[in-house]
Amino acid sequence: MTFASKIITCLLVLTIYIAAPTESHITCGTVTSTMTQCISYLTNGGPLPSSCCVAVKSLNQMAQTTPDRRQVCECLKSAGKEIKGLNIDLVAALPTTCGVSLSYPIGFNTNCDSISIAV
């Protein structure tokens with residue numbers, strides 16, 4: 001292998017490695033199973049279970065790329081439409097209540113495609 005072809009191969013590998021992922025590695029099944037800890041609180045109010053905040057923080061840690069954040073957003077919107085009696089105010093405040101800072105609002109009107117992670 002010539003020196004030039006080694007350089008080209010290295011550049012290709014580096015480009016693939018650095019390129020931002022375009023697909024999410026988080027499934028809706030993972031999102032919904034993680035967030036089941038919060039359903040009672042989000043529908044009935046009352047004391048916030050510590051397990052719910054653990055789930056919120058865990059989901060936030062799992063979603064570290066733009067595609068992952070967008071996937072989580074879409075999954076939560078979809079799952080939320082299936083749950084009767086959700087308190088939208090509690091849903092919107094949940095990340096902050098659990099000490100998670102997000103740069104976008106949580107709600108059924110959130111445009112998931114606008115979510116991005118600054119590089």
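Helices and strands are taken here as DSSP runs, numbered from the N terminus. In this predicted model, the chain holds 6 helices and 0 strands. Read along the sequence, the pattern is α-α-α-α-α-α. The chain has 119 residues, and 28% of them count as buried. Many contacts join parts that lie far apart in sequence. Among contacts with a separation of 6 or more, 76% are between residues 24 or more positions apart.

The disulfides were examined next. A search of the whole structure finds 4 of them. With bonded cysteines counted along the chain, the pattern is 1-6, 2-3, 4-7, 5-8. Three of these links are described here in turn.

One disulfide is formed by C28 and C75, with sulfur atoms 1.9 Å apart. It links distant parts of the chain. C28 sits in helix α2 and C75 in helix α5, and 47 residues separate the two. The torsion about the S-S bond is about -80°, so this disulfide is left-handed. The two ends differ in burial. C28 has a relative accessibility of 35% and counts as partly exposed, because partly exposed covers values between 20% and 50%. C75 has 2% and counts as buried, because buried means under 20%.

Another disulfide pairs C38 with C52, and their sulfur atoms are 2.0 Å apart. C38 lies in the loop between α2 and α3, and C52 lies in helix α4. The pair therefore ties together parts that are 14 residues apart in sequence. The angle about the S-S bond is 110°, and the link is right-handed. Both C38 and C52 are buried.

A further disulfide joins C73 to C112, with an S to S distance of 1.9 Å. This pair also links distant parts of the chain. C73 belongs to helix α5, whereas C112 belongs to the segment after α6. The two cysteines are 39 residues apart. About the S-S bond of C73 and C112 the torsion is about -70°, so the disulfide is left-handed. C73 and C112 are both buried.

The segment after α6 also contains N111. N111 is partly exposed, with a relative accessible area of 46%. The C-alpha atom of N111 is 9.0 Å from that of R70. Along the chain, N111 and R70 are 41 residues apart.

Attention then turned to the interior. The largest nonpolar core has 19 residues. Those that touch the most other members are V31, M35, C38, L42, V56, V72 and L94. Five helices, α2, α3, α4, α5 and α6, each give two or more residues to this core. Helix α4 gives the most, with 5 residues. C38 thus has two roles in this account: it touches many core members by the ranking above, and it is bonded to C52.

L94 shows how such a core residue is surrounded. Neighbours within four places in sequence are left aside. L94 is then in contact with M35, C38, Y41, L42, L48, C52 and V56. Both cysteines of the C38 and C52 disulfide are in that list. M35, C38, L42 and V56 also appear among the core residues that touch the most other members.

T34 lies in helix α2. The relative accessible area of T34 is 16%, so this residue is buried. Not counting residues up to four places away in sequence, T34 touches A55, L59 and M62.

Finally, the surface was searched for pockets. The largest pocket has a volume of about 600 Å³. Its lining is made of 33 residues, and the closest to the pocket centre are M35, L59, L76, V91 and I106. M35 is also one of the core residues with the most contacts to other members, and L59 is one of the residues touched by T34. By class, the lining has 25 nonpolar, 6 polar and 2 charged residues.

Several helices share in this lining. At least two lining residues come from each of α2 (28–35), α3 (39–44), α4 (50–62), α5 (66–82) and α6 (88–97). Helix α5 gives the most, with 7 residues. In the nonpolar core, by contrast, the most comes from α4.

Terms used:
Residues are numbered from 1 along each chain as its sequence is written. This is a predicted model: local features need pLDDT of at least 70, side-chain atom pairs count only at pLDDT 80 or more; totals for chains, interfaces and linings use all residues. Side-chain values use heavy atoms; hydrogens and water are left out. On a 1 Å grid over the protein atoms alone, a cavity is a set of points where a 1.4 Å probe fits but cannot get out, and a pocket is an open set with protein on both sides within 12 Å along at least five of seven lines; lining residues have an atom within 4 Å of a point. Grid points are joined across faces, edges and corners, and a volume is the space filled by probe spheres set on the points. Helices (H or I, at least four residues) and strands (E, at least two) are DSSP runs, numbered from the N terminus. Ala, Val, Leu, Ile, Met, Phe, Trp, Tyr, Cys and Pro count as nonpolar, Asp, Glu, Lys and Arg as charged, and the others, Gly among them, as polar. A nonpolar core is a set of buried Ala, Val, Leu, Ile, Met, Phe, Trp, Tyr and Cys residues joined through side-chain atoms within 4.5 Å. Buried means under 20% relative accessible area, exposed over 50%, partly exposed in between (1.4 Å probe, protein chains only). Contact means heavy atoms within 4.5 Å. A disulfide is a pair of cysteine sulfur atoms within 2.5 Å.
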